[in-house]
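Thanks for coming. I will go through one model this morning, starting with the overall fold and ending with a few individual residues.

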Amino acid sequence: MILASLLFAFLAAALHVFIFTMESVTWTKPATWKRFSIESQENAEITKSLAYNQGFYNLFLAVGALIGIGLVAVGADGSAQDVAGWTLIFASCGSMLLAALVLALSGRKYLRAAATQGATPLLAVVLGVLAVAL
């Protein structure tokens, strides 16, 4: 279960790096702003600084999860590195999961995006809790 949890944490981190790229790097490109239901280039320009900031939140969550994965991978079971790694994974993936819940509660049109955003961190957390508890 440890390996599966780490795999799902990695996939969650990779998705959040991709989201960071869209929000902070390519936000004003039509393919990106249309994906986020922005109605025009003008609105994309207006919301650019907000998206830029939000993208970095996603990047920082991904970095936390990736550092956690690395610490769990190199730390012996129950070591300080192992405990710190799981703490980072649970905090980062838990935050991703809660953000997906907020997105889902924002309206029916966001349910698919919320499920995409929340599935891998949910699996990482559930499998990680089971791995640590057993």
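**A walk through the model**

I will start with a contact, and then step back. The backbone oxygen of Ala76 sits 2.7 Å from a polar atom of the Ser79 side chain. Ser79 belongs to the loop that links helix H4 (48-74) to helix H5 (80-105). Is Ser79 buried or exposed? Ser79 counts as buried, because its relative accessibility is 18% and the cut-off for buried is under 20%.

Before going further, please keep in mind that this is a predicted model.

Now the overall picture. The chain has six helices and zero strands, so to speak a plain α-α-α-α-α-α pattern when read along the sequence. Along the principal axes, the C-alpha atoms fill a box of roughly 55 × 25 × 15 Å. Of the 134 residues, 36% count as buried.

Next, the record. The unreviewed UniProt entry lists residues 56-76, 83-104 and 110-133 under "transmembrane region". I checked two of these spans against the model. How far apart are the end C-alpha atoms of residues 56-76? They lie 31 Å apart, and the span is 90% helix and 0% strand. For residues 110-133, the end C-alpha atoms are 33 Å apart, with 96% helix and 0% strand.

Let me turn to the loop between H5 and H6. Ser106 is located there, and with 47% relative accessibility Ser106 counts as partly exposed. A polar atom of the Ser106 side chain lies 2.9 Å from the backbone oxygen of Val102. So we have another serine in a loop with a side-chain contact to a backbone oxygen. From Ser106 to Gly75 the C-alpha distance is 39 Å, with their positions 31 residues apart in sequence.

Leu105 is in helix H5. Leu105 has a relative accessible area of 69% and is therefore exposed, given that exposed means over 50%. Leu105 and Val132 are 27 residues apart in sequence, and their C-alpha atoms are 30 Å apart.

For a pair at shorter range, take Ile19, which is in helix H1 (residues 2-25). Ile19 counts as buried, at 11% relative accessibility. Between Ile19 and Tyr57 the C-alpha distance is 10.0 Å, although they are 38 residues apart in sequence.

Now the aromatic residues. How many aromatic pairs are there? The count comes to five. Take Trp27 and Phe36: their ring centres are 5.0 Å apart and their planes meet at 55 degrees, so this pair is tilted. The reason is the angle, because stacked needs under 30 degrees and edge-to-face needs over 60. Of these two residues, Trp27 is buried, with a relative accessible area of 7%, whereas Phe36 is partly exposed, at 27%.

Then there is Trp86 with Phe90. The ring centres lie 5.5 Å apart and the planes are at 25 degrees, so the pair is stacked. Where do Trp86 and Phe90 sit relative to each other? They are four residues apart in helix H5, which means a separation of about one helical turn. Trp86 counts as buried at 6% relative accessibility, while Phe90 is partly exposed with a relative accessible area of 26%.

There is also an aromatic cluster, made up of Phe20, Tyr52, Phe56 and Phe60. Phe56 and Phe60 fall inside the 56-76 span from the UniProt record.

Last, the surface. Which residues form a nonpolar patch on the surface? They are Met1, Leu122, Val126, Leu130 and Leu134, and together they have about 490 Å² of accessible area. Leu134 comes in the segment after helix H6 (111-133). Leu134 is exposed, because its relative accessible area is 75% and the threshold for exposed is over 50%.

To recap: six helices and zero strands, five aromatic pairs, and a nonpolar surface patch that includes Met1 and Leu134. The two loop serines I showed are Ser79, which is buried, and Ser106, which is partly exposed. That is what I have, and I am happy to go back to any of these residues on the screen.

Note on methods
Residues numbered from 1 in each chain as written. Predicted model: local features only at pLDDT ≥ 70, side-chain atom pairs only at ≥ 80, totals over all residues. Heavy atoms only, no water. Patch = residues over 30% accessible without salt bridge, like charges linked within 9 Å, V, L, I, M, F, W, Y side chains within 5 Å. Areas by Shrake-Rupley, 256 points an atom, 1.4 Å probe, with all protein chains shown as cover. Salt bridge = Lys/Arg side-chain N within 4 Å of Asp/Glu carboxyl O. Helix = DSSP H or I, 4+ residues; strand = E, 2+ residues; numbered from the N terminus. Buried < 20%, exposed > 50% of the residue type's maximum accessible area, 1.4 Å probe, protein only. Polar contact = N/O pair within 3.5 Å; in protein donor to acceptor, adjacent residues only side chain to side chain. UniProt positions renumbered as here; feature names shortened; annotations may be inferred. Phe/Tyr/Trp six-rings, centres within 6.5 Å; stacked < 30°, edge-to-face > 60°.
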